Amino acid sequence: PAGNLSECPNGSHWVMDVFKECAQDGRDIASIVLGLVSIFCFAAASFPQFYQACKTGIMDRALSIYFLLGWLGGDLLNLVGSFLADQLPLQVPTRSLGLVAAPINAAFVFLSLGTVWTVSLLGRGAAVAQEPAAFKGRSLLSAGGDELGPKPFSKSEIVGFTIGSISSVLYLCSRLPQIYTNYKRKSTVGVSYSLFALVMLGNSLYGLSVLLKNPDPEQGEGDYVLHHLPWLVGSLGVLSLDVVISFQFLAYRGGRPSTHEERDALLSKPGD
């Protein structure tokens, strides 16, 4: 039954009750806490850009549409891949946060969390009914196997791993159009650096939360990292490109929008 600590005797009660996750030491608790903070960072990241768009009125020229589409596509595939590949409980809601306009972002988050949470509860209930001696997935300790070794991929995990890999490629490629847009304009006016700062912090904490989590008793560290590799690449790997964008903010901090952007902004003001 959910919340039962019989298979996780040294686990934290509140973590088991809330996340159905076995957290037996400080390392597991730190993983949970960092994951929660990363969710906050991703959820808050879109609001500074939303404000900047209303303030400048040039979001369509400041932000590359391919950057937004690549980011949204990466989030959607990451959500599906995380669920199919049986990733950590916090990975599913964390990677479901698409960065678009704030109202759309909020609606997407609530719908995703509700759907995934309901499906995951149904899936775990079926697993317990079929295998009373052990719980399926990473949330609890497994009953069999004392030797550390590779954990075989199930068919569902293979599909999820593939989708997660495509998602990480989309995340990496999404930054390139924005880097080119900033370079072509020689300006970052209209783009909020807080968006990238919060995302960089969220990705760092997300990656650390995955790496800090203790592997299952029958699973080695290397095999654990392999099972989470696409999601680690999609979070920690994209940091290098976000650093490039950060340098663009420094290089173009004194820059101004191009002539036609200035003209459009002036004409849009009443009485000018």
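## A cluster of rings

Ring pairs tie Phe67, Trp71, Tyr193, Phe196 and Phe249 together into a cluster. Keep in mind that this is a predicted model. Searching the whole structure turns up four aromatic pairs. If you want to describe such a pair yourself, here's the general recipe: you give the distance of the centres and the angle of the planes.

Let's pick out one member of the cluster. Phenylalanine 196 sits in helix α9. Is phenylalanine 196 buried or exposed? It's buried, because its relative accessible area is 1% and the cut-off for buried is under 20%. Phenylalanine 196 also shows how a fold brings distant parts of a sequence together: glutamine 49 is 147 residues apart from it in sequence, yet their C-alpha atoms are 9.5 Å apart in space.

## Charges over rings

Trp71, which we just met in the cluster, has a charged partner too. Arginine 175 lies over the face of tryptophan 71, 4.2 Å from the ring centre.

A second case involves lysine 186, which lies over the face of tyrosine 183 at 3.7 Å from the ring centre. Where is lysine 186 found? Look in the loop between α8 and α9, just after α8 ends. Its backbone is worth a look as well: lysine 186 has a positive phi of about 55°, although it is not a glycine. Lysine 186 counts as partly exposed, because its relative accessible area of 40% falls between the cut-offs of 20% and 50%.

## The overall plan

Now zoom out. The chain has 13 helices and zero strands, so reading the elements from the N terminus on gives you α every time. Of the 272 residues in the chain, 45% are buried.

The UniProt record, an unreviewed entry, puts the feature "transmembrane region" at residues 29-51, 63-85, 97-117, 189-211 and 231-252. Two of these spans can be checked against the model. Residues 29-51 are 96% helix and 0% strand, with end C-alpha atoms 35 Å apart. For residues 231-252, the figures are 91% helix and 0% strand, and the end C-alpha atoms lie 32 Å apart.

## Helix α2

Helix α2 covers residues 26-44, which is 19 residues. From its first C-alpha to its last it reaches 27 Å, close to the 27 Å expected at 1.5 Å a residue. At the start of α2, a side-chain oxygen of aspartate 25 comes within 3.2 Å of the backbone nitrogen of arginine 27.

Which residues of α2 are buried? The list is Asp28, Ser31, Ile32, Leu34, Gly35, Ser38, Cys41 and Phe42. As background, an α-helix has 3.6 residues a turn, so residues three or four places apart point the same way. Try tracing the buried residues along α2 with that in mind. Phenylalanine 42 counts as buried because its relative accessible area is 6%. In space, phenylalanine 42 and glycine 202 are 5.9 Å apart, C-alpha to C-alpha, even though 160 residues separate them in sequence.

## Helix α8

Helix α8 runs over residues 155-185, so it has 31 residues. It reaches 47 Å from first C-alpha to last, close to the 45 Å expected at 1.5 Å a residue.

Serine 168 is part of helix α8. At 7% relative accessibility, serine 168 counts as buried. A polar atom of its side chain lies 2.6 Å from the backbone oxygen of serine 165.

## A buried lysine

Lysine 213 sits in the loop between α9 (193-212) and α10 (221-227). Why does lysine 213 count as buried? Because its relative accessibility is 5%, and buried means under 20%.

What does the side chain of lysine 213 contact? One partner is the backbone oxygen of cysteine 22, which lies 2.7 Å from a polar atom of that side chain. Another is the side chain of aspartate 28, with a polar contact at 3.5 Å. Aspartate 28 is itself one of the buried residues of α2.

## The cysteines

How many disulfides does the structure hold? Zero. In general, a disulfide is a covalent bond between the sulfur atoms of two cysteines.

Two cysteines make a nice contrast. Cysteine 41 counts as buried because its relative accessibility is 3%, whereas cysteine 54 counts as exposed at 58%.

Conventions: Residues are numbered from 1 along each chain as its sequence is written. This is a predicted model: local features need pLDDT of at least 70, side-chain atom pairs count only at pLDDT 80 or more; totals for chains, interfaces and linings use all residues. Side-chain values use heavy atoms; hydrogens and water are left out. Rings of Phe, Tyr and Trp (its six-membered ring) pair if their centres lie within 6.5 Å; planes under 30 degrees apart count as stacked, over 60 as edge-to-face and the rest as tilted. A charge sits over a ring if NZ of Lys or CZ of Arg is within 6 Å of the ring centre and within 35 degrees of the ring normal. Helices (H or I, at least four residues) and strands (E, at least two) are DSSP runs, numbered from the N terminus. The expected span of a helix is 1.5 Å times one less than its number of residues. Buried means under 20% relative accessible area, exposed over 50%, partly exposed in between (1.4 Å probe, protein chains only). A polar contact is a pair of N or O atoms within 3.5 Å; within protein, one must be able to donate a hydrogen and the other to accept it, and residues adjacent in sequence count only if both atoms are side-chain atoms. UniProt positions are given in the numbering used here, feature names are shortened, and annotations may be inferred rather than shown by experiment. A disulfide is a pair of cysteine sulfur atoms within 2.5 Å.
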